[in-house]
Amino acid sequence: MIIQLRNPQRTVEMEGPMAVTALLVRLDIPRESVLVIRDGTLVPGDAMLGRDDSIEIRSVISGGAR
Amino acid sequence: MKCRVCRGPAVIDVRRHNANFCGEHFLRHCRDQVAKAIRRHQMLQEGDRVLVAVSGGKDSLAVWDILLDLGYEADGLYLGLGIDGYSPESERFARAFAESRGLSLEVVDLPSDYGYDIRSAARASKRVPCSACGLSKRHLFDEAAGRGGYDALATGHNLDDEAAVLFGNVLQWQGEYLGRQQPVLIAGDGFPRKIKPLVRLGEREMAAYCVLSGIDYMVEECPMAVGNKHIGYKEALNSIEERSPGTKHAFYFGFLDRAADLFVPSADDRIAIGACTRCGAPTGAEVCAFCHLLERSGGHLPEDAQAVPVKLGRRGPEDL
């Protein structure tokens, strides 16, 4: 599966199928700091991601002055 | 995973509440949490007019959306910071949101209206960019709220923001800042009432709210904020939250319940507030910090600006 990451923008490829939580552990990304999106929809932690899926892992942490 | 409310398929987990939600009930959860924050902290009354500080990011667009949904009259103010590769894009998201809903959005542009940008201001004033940015935003949002006669200025600060700021202030024991770290600051001395309706929601929830509501927002981080201390504090807290869900909530609301009052300055410690001799903004000095920043950056007040002395006098909680 193709995984697009943001902040900074990059793409990685992983073997599927794999659970969302397992994917985040593999990439060493804390769940609290991202959303996992497939086809414009949120994917919960226990969902399985297929080998042909295109996934976005979107960082939700913003900083600076507001 | 099943939705806590309807037992249908869930799309998101909120571990802090030990709950999963489907899209519909998650959006309701967000609105309920904002309504609860407004009620508990006496942020707004029915019929209040609100100015929302809009950045084009998830939090400011979500808080604007939810305030409207709850029935408040809310306009937006976007501040163009003059940051290449970031400001034009974030302005586009702010404008698109307002236009799609027929909302009123005022746009103030630092380079064209005030003759400086954040990068030059940071360099000239020897501040970090986020400090120059924060000073500019506080001044211009306050000014616009007063000029427009709004009852309150709403910002998109969420639980993660507040917990991270608290964490930093406690690490350095910044008593003055701890005294101001409330979800609502009462209007007075020429400053508008400031409210943070998202304090009961984390930033993962706000991003999810936008995705599920179809709100397009600026996902890319401000290039000047990358690697700053605030983000470092958030990462540290998220690492703890991962192992112990609810920690950020307990930290921030525990502070409000048990310690915040210790840091509120007494009447004797409050500095006298007058009007800046250049722009009329409230300040404890002859010239306000924003006008000093303008001077050092080679900027200027808008040509049609006039120094209007602030109306002094403090409004009490009974005015809320």
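## Exercises on a predicted two-chain model

Asp109(B) is partly exposed: 15 other C-beta atoms lie within 10 Å. The model is a predicted one, and the exercises below start from this residue.

**Exercise 1. Place Asp109(B) in chain B and explain its exposure class.**

Step 1. Asp109(B) belongs to strand E5 of chain B.

Step 2. A residue is buried at 20 or more other C-beta atoms within 10 Å and exposed at 12 or fewer. Asp109(B) has 15, so it falls in between and counts as partly exposed.

Step 3. Strand E5 is part of an open sheet of 6 strands in chain B, ordered E5-E4-E3-E6-E8-E7, with mixed pairing. Strand E5 (105-109) and strand E7 (184-185) of chain B are at the edges with a single partner strand each, so each has one side without a neighbour in the sheet.

Step 4. Along the chain, Asp109(B) and Gly202(B) are 93 residues apart, and 30 Å separates their C-alpha atoms.

**Exercise 2. Describe the pairing of E3 with E4 in chain B and name the helix that lies across them.**

Step 1. Strand E3 (residues 49-54) and strand E4 (residues 73-80) of chain B are paired in the parallel sense, over 6 bridges.

Step 2. One register point is Val50(B), which stands opposite Ala74(B) in E4(B).

Step 3. The helix is H2 (residues 58-69) of chain B, which lies across E3, E4 and strand E6 (152-154) of chain B. H2(B) runs at about 160° to E3(B).

**Exercise 3. Work out how helices H7 and H10 of chain B are oriented to one another, and which residues make the contact.**

Step 1. Helix H7 (residues 159-172) and helix H10 (residues 229-243) of chain B pack with their axes 9 Å apart, at an angle of about 105°.

Step 2. Angles of 65 to 115 degrees count as roughly perpendicular, so H7(B) is roughly perpendicular to H10(B).

Step 3. H7(B) contributes Asp160(B), Ala163(B), Ala164(B), Phe167(B) and Gly168(B) to the contact. From H10(B) come Lys229(B), His230(B), Tyr233(B), Lys234(B) and Leu237(B).

Step 4. By class, the residues of this contact are 5 nonpolar, 2 polar and 3 charged.

**Exercise 4. Lay out the sheet of chain A and find the helix that packs on it.**

Step 1. Chain A has 1 helix and 7 strands, in the order β-β-β-α-β-β-β-β from the N terminus.

Step 2. In chain A, 5 strands form an open sheet with mixed pairing, in the order E2-E1-E7-E4-E5. Its edge strands are E2 (10-13) and E5 (41-42) of chain A, each paired on one side only.

Step 3. Strand E4 (residues 34-38) and strand E7 (residues 54-59) of chain A pair in the antiparallel sense over 5 bridges. Ile37(A) has Glu56(A) of E7(A) as its bridge partner.

Step 4. The helix comes from the other chain: H9 (residues 203-213) of chain B packs on the sheet and touches E4, E5 and E7 of chain A. The direction of H9(B) makes about 25° with that of E4(A).

**Exercise 5. State how many residues of each chain take part in the contact between chains A and B, and characterise the chain A side.**

Step 1. The contact brings together 21 residues of chain A and 35 residues of chain B.

Step 2. E4 and E5 of chain A are the elements that give two or more residues to the chain A side.

Step 3. That side of chain A holds 8 nonpolar, 7 polar and 6 charged residues.

**Exercise 6. Assess whether the dimensions of chain B fit a globular protein of its length.**

Step 1. Chain B has 12 helices and 10 strands.

Step 2. The radius of gyration of chain B is 20 Å, close to the 20 Å given by the globule rule for 320 residues, so chain B is as compact as a globular protein of that length.

Step 3. The C-alpha trace of chain B spans about 60 × 45 × 40 Å along its principal axes, and 44% of its 320 residues are buried.

**Exercise 7. Locate the backbone exceptions at Pro17(A), Arg7(B) and Trp173(B).**

Step 1. Most residues other than glycine have a negative phi, and most peptide bonds are trans.

Step 2. Gly16(A) and Pro17(A) are joined by a cis peptide bond with omega of about -5°. Pro17(A) sits in the loop between E2 and strand E3 (18-19) of chain A.

Step 3. Arg7(B) has a positive phi, near 65°, and lies in the segment before strand E1 (12-14) of chain B. With 9 other C-beta atoms within 10 Å, Arg7(B) is exposed.

Step 4. Trp173(B) also has a positive phi, near 50°, and lies in the loop between H7 and helix H8 (175-178) of chain B. Trp173(B) is exposed, with 9 other C-beta atoms within 10 Å.

Technical notes
Residues numbered from 1 in each chain as written. Chains lettered and ligands numbered in written order. Predicted model: local features only at pLDDT ≥ 70, side-chain atom pairs only at ≥ 80, totals over all residues. Helix = DSSP H or I, 4+ residues; strand = E, 2+ residues; numbered from the N terminus. Axes fitted to C-alpha atoms, helices over the stretch in contact; angles between N-to-C directions. Parallel < 35°, antiparallel > 145°, perpendicular 65-115°, else oblique. Contact = placed C-beta atoms within 7 Å. Nonpolar A, V, L, I, M, F, W, Y, C, P; charged D, E, K, R; others polar. Pairing = 2+ DSSP bridges. Rg over C-alpha atoms; globule rule 2.2 N^0.38 Å.
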